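Welcome to a short set of exercises with worked solutions. Take a moment with the sequence and the model below, then work through the tasks in order.

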Amino acid sequence: MKNDTQRETLFTHIGRPALGEGTPVNPDITRASTLLFDRAEDLYTTKKRSYGRHGSGVHDALKEAFKLLEGGAGTSLAPSGLAACTLPILANVKAGDHVLLTDSSYGPTRYFCQGYLSKMGVKTTLYDPHIGTGIDALIQDNTSVIILKSPGSLTFEVQDIPAITKVAKARGVTTIIDNTWSGGITLNPLALGVDISCHAATKYFGGHSDVMFGATVSATQAMADKVSDTAKYLGYASSPDDAYQILRGFRTVMQRFRHSESSALQLATWLSDQPQVARVLHPALPEHPDHSLWKRDFTGGACLFGVVLNPTSPRKVEAFINALQLFGIGYSYGGYESLAIQCDPQLKRVHGAYGAKKFDGPLVRFACGLEAADDLQADIAQALHVL
């Protein structure tokens, strides 16, 4: 295909079998643990796949799709989004190393670094997501990895990715970003200097809240090989059925993403004017403190944003969420259904504008699905009366 072919077209055709008479439009699902060889001497000398854990044709097609999405050199697949975040960390740290982790990271990634990595003798320092070039002062002789997330989990800070990656490259430090919010559709971190981009493919690419999956895309072949080797050492594997489901999600991800992105921006704009709302956390809004960074690095928004309510009791917040009729109460996002959760019980911060005291009011996170935006707005409007 031409280099200027748009993603909707590319994702429709990626991974399809070569045309022949009566060719199926989708790749085959091969379920196998044991792979057989004609000759005994080939078993130990082949460069081909030798065991089911190493994947199948549908896995190869999915890897190509993620590589195309991010413009990377190679992809590794993982059984969950968290696994996709922890895999490249493990590939780039050793006992005695130091890791810099944004204070706005995905919570389970934070727990992994502060819990599991500490048992390996790896120390983690949390840094202010707005640190920019100031991160140079935090890099130690044994710093091996800097972990970014933009926008931040729950609090939606936008990081100055080029500033951080420029310092990291000068100091020989690997950068890893959790790129799940944008789905790689509205942010291309590898083009901004990031070494590895991670995805919870469970979300946009699964699209129907029925499969767990993750993927990491590396900027260079050397890094891709490093991450892939680590996945083999750890015994990572994903089923061909799950890989097929994620590849199927690629076919329609652009259309679904654009719908939920548009709904989120409509709701965020409308909520900014509601008297029960103190502020809205969506970087596409001009009043967001990091809007200029978002406008520079992103090509659009996403389905997810936060709302800080006026000060009220936790019980009132729960009553507000319980009054919603079209929003489910549950984690994740990027599926067909809209979701809402109260964030304060899980919100932990020590740096940045929010710090340990969090916000002046309770924080609620909305994830827009595929319902009509006007219906979602009407649902929130009736529930706001509870406050």
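Is V280 buried or exposed? V280 is buried, because its relative accessible area is 9%, and buried means under 20% relative accessible area, exposed over 50%, and partly exposed in between (1.4 Å probe, protein chains only).

Before going on, note that this is a predicted model, in which local features need pLDDT of at least 70, side-chain atom pairs count only at pLDDT 80 or more, and totals for chains, interfaces and linings use all residues. Residues are numbered from 1 along each chain as its sequence is written, and side-chain values use heavy atoms, with hydrogens and water left out.

**Exercise 1. Place V280 and list its contacts.**

Step 1: find the element. V280 belongs to strand β8, residues 277-281. Helices (H or I, at least four residues) and strands (E, at least two) are DSSP runs, numbered from the N terminus.

Step 2: list the partners. Contact means heavy atoms within 4.5 Å. With neighbours within four places in sequence set aside, V280 touches A268, L271, S272, L285, F305, G306 and V307.

Step 3: check a distance. V280 and D229 are 51 residues apart along the chain, and their C-alpha atoms are separated by 42 Å.

**Exercise 2. Describe helix α2 and its buried face.**

Step 1: get the length. Helix α2 covers residues 57-70, which is 14 residues. From first C-alpha to last it reaches 20 Å, close to the 20 Å expected at 1.5 Å a residue; the expected span is 1.5 Å times one less than the number of residues.

Step 2: pick out the buried residues. In α2 they are V58, H59, A61, L62, A65, F66, L69 and E70.

Step 3: look down the axis. The buried residues of α2 line one face of the helix, because they fall within an arc of 165°, taken from the directions from the helix axis to the C-beta atoms. As background, an α-helix has 3.6 residues a turn, so residues three or four places apart point the same way.

Step 4: name what that face meets. The buried residues of α2 pack against α1 (7-13), β1 (74-78), β6 (196-199), β7 (214-218) and α7 (240-271).

Step 5: compare D60. This residue also sits in helix α2, but D60 counts as partly exposed because its relative accessibility is 34%. D60 and G15 are 45 residues apart in sequence, with 8.0 Å between their C-alpha atoms.

Step 6: look past the end. Just after α2 comes G71, with a positive phi of about 65°.

**Exercise 3. Describe how α2 and α7 pack.**

Step 1: choose the descriptors. Two packed helices are described by the angle between their axes and the distance between the axes.

Step 2: read them off. The angle between α2 and α7 is about 40°, and their axes are 9 Å apart. Axes are lines fitted to C-alpha atoms, for helices over the stretch in contact, and angles run from 0 to 180 degrees between N-to-C directions.

Step 3: list the residues. From α2 the contact uses V58, H59, A61, L62, A65, F66 and L69, and from α7 it uses P240, A243, Y244, I246, L247 and F250.

Step 4: sort them. The contact of α2 with α7 has twelve nonpolar residues, one polar and no charged. Here Ala, Val, Leu, Ile, Met, Phe, Trp, Tyr, Cys and Pro count as nonpolar, Asp, Glu, Lys and Arg as charged, and the others, Gly among them, as polar.

**Exercise 4. Find the backbone features between β4 and α5.**

Step 1: find the cis bond. The peptide bond from S150 to P151 is cis, with omega near -5°. P151 is in the loop between β4 (143-149) and α5 (161-171).

Step 2: look for positive phi. L154, in the loop between β4 and α5, has phi near 75°. F156, which lies in the loop between β4 and α5, has a positive phi of about 60° although it is not a glycine.

Step 3: check burial. L154 counts as buried at 6% relative accessibility, and F156 is buried at 1%.

Step 4: move into α5. Its buried residues are I161, A163, I164, T165, V167 and A168, and their cover includes β3 (123-127), β4, β5 (174-178) and α8 (291-297). After α5 comes G172, whose phi is positive, near 70°.
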